[in-house]
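Q: Please take a close look at one strand in this protein and at what surrounds it. I am a first-year student, so plain wording would help.

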Amino acid sequence: MYLTNRDVREITMSKKPNKEKLLDKVKDEKPVKSKILTLPILIIGFLVIVFGAYMLYAMTHMHVTSKTETSTVKTSSSLEKASSSTKKYVAGKDYKITYSNTNLIDRSTLDKALKNSTGADISYMMDTSEDGGDMAKVEVYYNKDKNLLVERLFKNGYSGNQDSARVVYDVSQGKIPDNGADTDSHYLDLPLVYTWEKLTK
């Protein structure tokens, strides 16, 4: 049998695509196998990342929550303490204030001076705890010539006319003078301008 060049080309060409097809199949099989192997690794990696992110969030959230709970406890205890110190005491029921000789010193100047001299408010004076004023009575005398207030403080349980402490306050200078300890001569024969008395026992 005689083969022409054309026949050779046709035979050769017809065989070549078969080889290429086989090679393509082999090439296609390798990626499928590698894809099958990498798929579980990718899934496991994804799950590890998601789980790690969740754990990180949970730990951060727990830390923030515990911090918030701690600050809430502190705040609530502070509020309880503050509310006990700022308890609403009723004038005429729990305490009584009397202003006298109002022509000597006006009421607003007197109130400001009393606040500045002791920093005490009604709640503080009524408070019988160690941190409180524990006051039963306060008498304030006014020395017009020296523009001084002499405060006589009577703590709960006082007897007679014996005060527990005295405070001298210079209204002009807005401070307690250096010689404030020598109070006896300051209040004798001075007019009484303010009295605070605790009524509740």
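A: A suitable part is the strand pair β2 and β3, joined by 8 bridges and running antiparallel. The model is predicted, and what follows describes that model.

First, the setting. The protein chain has 4 helices and 5 strands. In sequence order the pattern is α-β-α-α-β-β-β-α-β. Of the 201 residues in the protein chain, 23% are buried. Among contacts in the protein chain with a separation of 6 or more, 55% are between residues 24 or more positions apart.

Now β2 itself. This strand is mostly covered, with 9 of its 9 residues buried. One bridge between β2 and β3 can be named by its residues: K137 has F154 in β3 as its bridge partner. The two strands make a hairpin, and 4 residues lie between them. N147 is found in the loop between β2 and β3. The phi of N147 is near 55°, which is a positive value in a residue other than glycine.

β2 also pairs with β5, again in the antiparallel sense, over 5 bridges. Here the bridge partner of E139 is T195 in β5. T195 counts as buried because its relative accessibility is 13%, and the cut-off for buried is under 20%. Setting aside neighbours within four places in sequence, T195 is in contact with K96, I97, T98, K137, V138 and E139. E139, the bridge partner of T195, is thus also on the list of its contacts.

Next comes the packing around these strands. In soluble globular proteins, nonpolar side chains tend to be buried together. The largest nonpolar core in this model has 20 residues, and those with the most contacts inside it are L110, V140, L149, V193, Y194 and W196. At least two residues of this core come from each of α2 (107–118), α3 (122–126), β2 (135–143), β3 (148–155), β4 (165–170) and β5 (192–198). The element that gives the most is β2, with 4 residues. There is also a second, separate core of 6 residues, and Y141, V150, V168 and L190 are included in it.

Two residues of the largest core can be followed further. L149 lies in strand β3. L149 is buried because its relative accessible area is 0%, against a cut-off of under 20%. Not counting residues up to four places away in sequence, L149 touches I105, L110, A113, V140, Y141, Y142, V167, V168, Y169 and V171. Two of the residues on that list, Y141 and V168, are in the second core. L190 is another residue of the second core; L149 and L190 are 41 residues apart in sequence, and their C-alpha atoms are 9.7 Å apart in space.

The other residue is V193. With residues up to four places away in sequence left out, V193 touches T98, Y99, S100, N101, I105, L110, V140, Y141 and Y142. I105, L110, V140, Y141 and Y142 are among the residues touched by V193, and these five names also appear in the list for L149.

One contact of V193 is N101, which is found in the loop between β1 (95–99) and α2. N101 counts as partly exposed because its relative accessibility is 35%, a value between the limits of 20% and 50%. Its phi is near 50°, a positive value in a residue other than glycine. N147 in the hairpin turn has a positive phi too, of about 55°.

Last, the open space. The largest pocket holds about 310 Å³. It is lined by 19 residues, and L114, T118, A120, D121 and M125 are the closest to its centre. β2 and β3 are among the elements that each supply at least two residues of the lining, along with β1, α2 and α3. The most is given by α2, with 4 residues. By type, the lining divides into 11 nonpolar, 3 polar and 5 charged residues.

To put the picture of β2 together: β2 pairs with β3 through 8 bridges and with β5 through 5 bridges. It gives 4 residues to the largest nonpolar core, and it supplies at least two residues of the lining of the largest pocket.

Note on methods: Residues are numbered from 1 along each chain as its sequence is written. This is a predicted model: local features need pLDDT of at least 70, side-chain atom pairs count only at pLDDT 80 or more; totals for chains, interfaces and linings use all residues. Side-chain values use heavy atoms; hydrogens and water are left out. A nonpolar core is a set of buried Ala, Val, Leu, Ile, Met, Phe, Trp, Tyr and Cys residues joined through side-chain atoms within 4.5 Å. Buried means under 20% relative accessible area, exposed over 50%, partly exposed in between (1.4 Å probe, protein chains only). Contact means heavy atoms within 4.5 Å. Two strands pair if DSSP finds at least two bridges between them. On a 1 Å grid over the protein atoms alone, a cavity is a set of points where a 1.4 Å probe fits but cannot get out, and a pocket is an open set with protein on both sides within 12 Å along at least five of seven lines; lining residues have an atom within 4 Å of a point. Grid points are joined across faces, edges and corners, and a volume is the space filled by probe spheres set on the points. Ala, Val, Leu, Ile, Met, Phe, Trp, Tyr, Cys and Pro count as nonpolar, Asp, Glu, Lys and Arg as charged, and the others, Gly among them, as polar.
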